[in-house]
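Trainee: I am new to this structure and would love a close look at a single part of it. Could you walk me through one helix and the things around it?

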Amino acid sequence: MTGCIFFIVSQVGFIASGDLVGLATSMLIFTIGEILVIPSEYVLVDNIAPARNRGSCFGAHSISAVGSFIGPTLGGLILGMLGGPAMFVLSAGFAAAGSLLFVRGSRIRAPVL
């Protein structure tokens, strides 16, 4: 959750930044968010995956790498069509939605098989 909050704050910071220092500070906050979120993904998968299917679950999690292509492509399109502030608001919205989904998913317990 803390990492997602850092993402949201960084996106708002990008919108509000008027100089290089503001942009650099927002990037630092975003990077801290990544440091907190990315390892947590693997811990979450490890906690919810049944022991005998853990490898399959980590493989399914790797499908998220598709976002490494789709995200920048859509971000570039949104930036071109709507401008920077709209792109950062959308990114902050995705971070907020992700944090809500995390909370909901963390309350679900994996069935014991």
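**A close look at α5 and its surroundings**

Mentor: Happy to! Just after α4, glycine 83 takes a positive phi of about 95°. That is a good doorway to α5, which runs over residues 84-106. Please keep in mind that this is a predicted model.

Let me set the scene first. The protein has five helices and zero strands, and along the sequence the pattern reads α-α-α-α-α. Taken along the principal axes, its C-alpha atoms fill a box of roughly 55 × 25 × 20 Å.

Now look at α4, the helix that glycine 83 follows. With 16 residues at 1.5 Å a residue, α4 should span 22 Å, and its end C-alpha atoms are 21 Å apart, so the two values agree.

How do α4 and α5 pack, and at what angle? Their axes are 7 Å apart and the angle is about 140°. Angles over 145 degrees would count as roughly antiparallel, so α4 and α5 are oblique to each other. On the α4 side, the contact is made by Gly75, Ile78, Leu79 and Leu82. Gly84, Ala86, Met87 and Leu90 are the partners from α5. Sorted by class, this contact has six nonpolar residues, two polar ones and no charged ones.

Next, turn to α1, another neighbour of α5. The axes of α1 and α5 come within 9 Å and cross at roughly 170°, which makes α1 roughly antiparallel to α5. From α1, the residues that meet α5 are Cys4, Phe7, Ile8, Gln11, Phe14 and Ile15. They are met by Pro85, Phe88, Val89, Ser91, Ala92, Ala95, Ala96 and Ser99 of α5. Here the residues divide into 11 nonpolar, three polar and no charged.

Two of the residues just named lead us to one more feature, the largest pocket. It holds about 1400 Å³ of space. Of the 32 residues that line the pocket, the closest to its centre are Phe7, Phe30, Glu41, Phe94 and Ala95. Phe7 and Ala95 also belong to the contact of α1 with α5. The elements that give two or more residues to the lining are α1 (2-16), α2 (20-48), α4 (67-82) and α5 (84-106). Among these, α2 gives the most, with nine residues. The lining as a whole has 19 nonpolar, 11 polar and two charged residues.

So, to picture α5, start at glycine 83 just after α4, then find α4 oblique to α5 and α1 roughly antiparallel to α5. Finally, look for the largest pocket, which α5 helps to line.

Conventions
Residues are numbered from 1 along each chain as its sequence is written. This is a predicted model: local features need pLDDT of at least 70, side-chain atom pairs count only at pLDDT 80 or more; totals for chains, interfaces and linings use all residues. Side-chain values use heavy atoms; hydrogens and water are left out. On a 1 Å grid over the protein atoms alone, a cavity is a set of points where a 1.4 Å probe fits but cannot get out, and a pocket is an open set with protein on both sides within 12 Å along at least five of seven lines; lining residues have an atom within 4 Å of a point. Grid points are joined across faces, edges and corners, and a volume is the space filled by probe spheres set on the points. Helices (H or I, at least four residues) and strands (E, at least two) are DSSP runs, numbered from the N terminus. Ala, Val, Leu, Ile, Met, Phe, Trp, Tyr, Cys and Pro count as nonpolar, Asp, Glu, Lys and Arg as charged, and the others, Gly among them, as polar. The expected span of a helix is 1.5 Å times one less than its number of residues. Axes are lines fitted to C-alpha atoms, for helices over the stretch in contact, and angles run from 0 to 180 degrees between N-to-C directions. Angles under 35 degrees count as roughly parallel, over 145 as roughly antiparallel, 65 to 115 as roughly perpendicular and the rest as oblique. Contact means heavy atoms within 4.5 Å.
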